[in-house]
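Welcome to a short set of exercises with worked solutions. Keep the structure open beside you and try each task before reading on.

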Amino acid sequence: MALFIIVSEMMNTGRGKRQFRMFTFSRLNGSYKLDRDSSTLEFESPNVSFIFSAYDKKLIQELVSSLIIRDDLRLGSSQVKVVSIDQIHETVSEKMQIRFLTPVTMYSTFQLDDKKKTYFYSPLEEEFSQLIQANALKKYEAFHGKPLAVEKPLLLTPLHRERIKPITSKFKSTLIKGWTGDFLLEGDLDLIQLTYDVGLGAKNSNGHGLYEIVRNLRN
């Protein structure tokens, strides 16, 4: 889609072999009908909306400027026009209850019988939160060019485990397993700010790991 192409051309951060596209986005929001035969969505309202989030303020400014002046934007085969752009104001803290708007995913790849395999972790596994923190630290270093001296570990803990919902989606030809629900997020404030802006976990630039703040928690 044109919007995604604009964004991916604007921001590709990293040094060395590892690169991160430091943004994430939600699904399209609006009333629609599902055509199962063609696997397409037909939106009933002329207006749809979505959330785009990034860590770099310059990227946001450039994106907004581009959306305002361009008249050739397309979503799939449909030409679209930006009607309005609103900024979301939320304040992060070192301990928050959060809710994922798009599935959070974390995975490892390995070789088995000369074939590449991917294992997607469950939030109920201990490795899940550990990998979430490692991923966030790598993003921070990729953007700032130096590691973050973490005083508090980044912990992501599912709340109401029975309500944590697995969701499998397909991006291009790749199947991705993620999870939605309410979680407790706590840790270093700078690292939490980064995850709020670019998403938690992997596949953020594929539309994963976007969350909203349900409430800030005080010790």
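A nonpolar patch here is built from residues with over 30% relative accessible area and no salt bridge, with nonpolar side chains joined within 5 Å. Please bear in mind that the model is predicted.

**Exercise 1. A nonpolar patch**

Task: Find which residues make the nonpolar surface patch of about 210 Å², and work out why Phe-50 passes the accessibility cut-off.

Solution:
- Step 1. Pick out Leu-28, Val-48 and Phe-50, which together form the patch of about 210 Å².
- Step 2. Place Phe-50 in the chain: this residue sits in the loop between strand E3 (40-43) and strand E4 (52-54).
- Step 3. Check its exposure. Phe-50 has a relative accessible area of 34%, so it is partly exposed and passes the requirement of over 30%.

**Exercise 2. A salt bridge between two loops**

Task: The structure holds three salt bridges. Start with the one between Lys-152 and Glu-94, and describe where its partners lie.

Solution:
- Step 1. Look at the distance: the side chains of Lys-152 and Glu-94 come to 2.5 Å, N to O, and the cut-off for a salt bridge is within 4 Å.
- Step 2. Locate both ends. Lys-152 belongs to the loop between helix H3 (126-144) and strand E10 (155-158), while Glu-94 belongs to the loop between strand E6 (78-79) and strand E7 (95-100). The two are 58 residues apart, so this pair links distant parts of the chain.
- Step 3. Compare each value with the range for partly exposed residues, which lies between under 20% (buried) and over 50% (exposed). Lys-152, at 38% relative accessibility, is partly exposed, and Glu-94, at 37%, is partly exposed too.

**Exercise 3. A network around Arg-99**

Task: Which residues do salt bridges with shared partners join into one network? Trace each link.

Solution:
- Step 1. Take the bridge between Arg-99 and Asp-182, at 2.7 Å, N to O. Arg-99 is in strand E7 and Asp-182 is in strand E13 (residues 182-186), 83 residues apart.
- Step 2. Arg-99 also meets Glu-212 in a salt bridge, at 3.9 Å, N to O. Glu-212 is in strand E14 (residues 211-216), 113 residues apart from Arg-99.
- Step 3. Put the links together: Arg-99, Asp-182 and Glu-212 form one network through salt bridges that share partners.
- Step 4. Add the accessibility. Arg-99 is partly exposed at 34%, and Glu-212 is partly exposed with 28%. Asp-182, at 13%, counts as buried, because the cut-off for buried is under 20%.

**Exercise 4. A hairpin and positive phi values**

Task: Describe how strands E8 and E9 pair, then find residues with a positive phi in the hairpin and elsewhere.

Solution:
- Step 1. Strand E8 (residues 107-112) and strand E9 (residues 115-120) run antiparallel and are joined by six bridges. For one partner pair, follow Gln-111 to Lys-116 in E9.
- Step 2. Recall the usual case: most residues other than glycine have a negative phi.
- Step 3. Turn to the hairpin, which has two residues between the strands; there Asp-113 takes a positive phi near 55°. Asp-114, in the loop between E8 and E9, has a positive phi near 65°. With a relative accessible area of 78%, Asp-114 is exposed.
- Step 4. Finish with Lys-203, in the loop between helix H4 (189-198) and E14. Lys-203 is not a glycine, yet its phi is positive, at about 60°. Its relative accessible area of 27% makes Lys-203 partly exposed.

Methods
Residues numbered from 1 in each chain as written. Predicted model: local features only at pLDDT ≥ 70, side-chain atom pairs only at ≥ 80, totals over all residues. Heavy atoms only, no water. Patch = residues over 30% accessible without salt bridge, like charges linked within 9 Å, V, L, I, M, F, W, Y side chains within 5 Å. Areas by Shrake-Rupley, 256 points an atom, 1.4 Å probe, with all protein chains shown as cover. Helix = DSSP H or I, 4+ residues; strand = E, 2+ residues; numbered from the N terminus. Buried < 20%, exposed > 50% of the residue type's maximum accessible area, 1.4 Å probe, protein only. Pairing = 2+ DSSP bridges.
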